[in-house]
Amino acid sequence: AYGSKGTALKGKCFIVSTTTGAPESAYSANSVMRHTIDEYSYGIKQYAEMCQLDFKKLFCIGGAMYVL
């Protein structure tokens with residue numbers, strides 16, 4: 001962060017929380033989404049690595065479009 005030699009985010013705890021409209025069961029190689037949530041999160045993990053963040057966990061709640 002902050003330029004090519006910046007270290008402002010180095011070592012900071014990084015936790016990602018997200019929701020999906022489709023149910024969790026839709027996220028697999030053999031299901032409608034064709035990929036796992038972990039595979040979809042590749043870019044986020046690359047960002048964390050590039051910024052030297054301490055990536056802890058990805059939380060995902062599936063089927064959120066049905067929650068009222």
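Relative accessible area sorts residues into three classes: buried means under 20%, exposed means over 50%, and partly exposed lies in between (1.4 Å probe, protein chains only). The model is predicted: local features need pLDDT of at least 70, side-chain atom pairs count only at pLDDT 80 or more, and totals for chains, interfaces and linings use all residues. Residues are numbered from 1 along each chain as its sequence is written, and side-chain values use heavy atoms, with hydrogens and water left out.

**Exercise 1. State the confidence of the model.**

Step 1. The predictor's confidence in each residue is called pLDDT and runs from 0 to 100. For this protein the mean pLDDT is 90, and 94% of the residues reach 70 or more.

Step 2. Helices (H or I, at least four residues) and strands (E, at least two) are DSSP runs, numbered from the N terminus. Among these elements, S1 has the highest mean pLDDT, 95, and H1 the lowest, 93.

**Exercise 2. Describe the surroundings of Thr 20.**

Step 1. Locate the residue: Thr 20 belongs to the loop that joins strand S1 (13-19) to helix H1 (37-40).

Step 2. Classify the residue: Thr 20 is buried because its relative accessibility is 11%.

Step 3. List its contacts, where contact means heavy atoms within 4.5 Å. With neighbours within four places in sequence set aside, Thr 20 touches Tyr 27, Ile 37, Cys 60, Ile 61, Gly 62, Gly 63, Ala 64 and Met 65.

**Exercise 3. Examine the positive phi angles of Arg 34 and Gln 52.**

Step 1. Arg 34 is not a glycine, yet its phi is positive, about 70 degrees. This arginine, Arg 34, sits in the loop between S1 and H1. Its relative accessible area is 56%, so Arg 34 is exposed.

Step 2. Gln 52, also a residue other than glycine, has a positive phi near 60 degrees. The loop between helix H2 (42-50) and strand S2 (54-61) contains Gln 52. With a relative accessible area of 37%, Gln 52 is partly exposed.

**Exercise 4. Find the salt bridges and classify their residues.**

Step 1. Apply the criterion: a side-chain nitrogen of Lys or Arg must be within 4 Å of a carboxyl oxygen of Asp or Glu. Searching the whole structure gives two salt bridges.

Step 2. One joins Asp 38 to Lys 45, with the closest N and O atoms 2.2 Å apart. Asp 38 is partly exposed because its relative accessibility is 49%; Lys 45, at 27%, is partly exposed.

Step 3. Another pairs the side chains of Asp 54 and Lys 56, at 3.0 Å from N to O. Asp 54 has a relative accessibility of 32%, so this residue counts as partly exposed.
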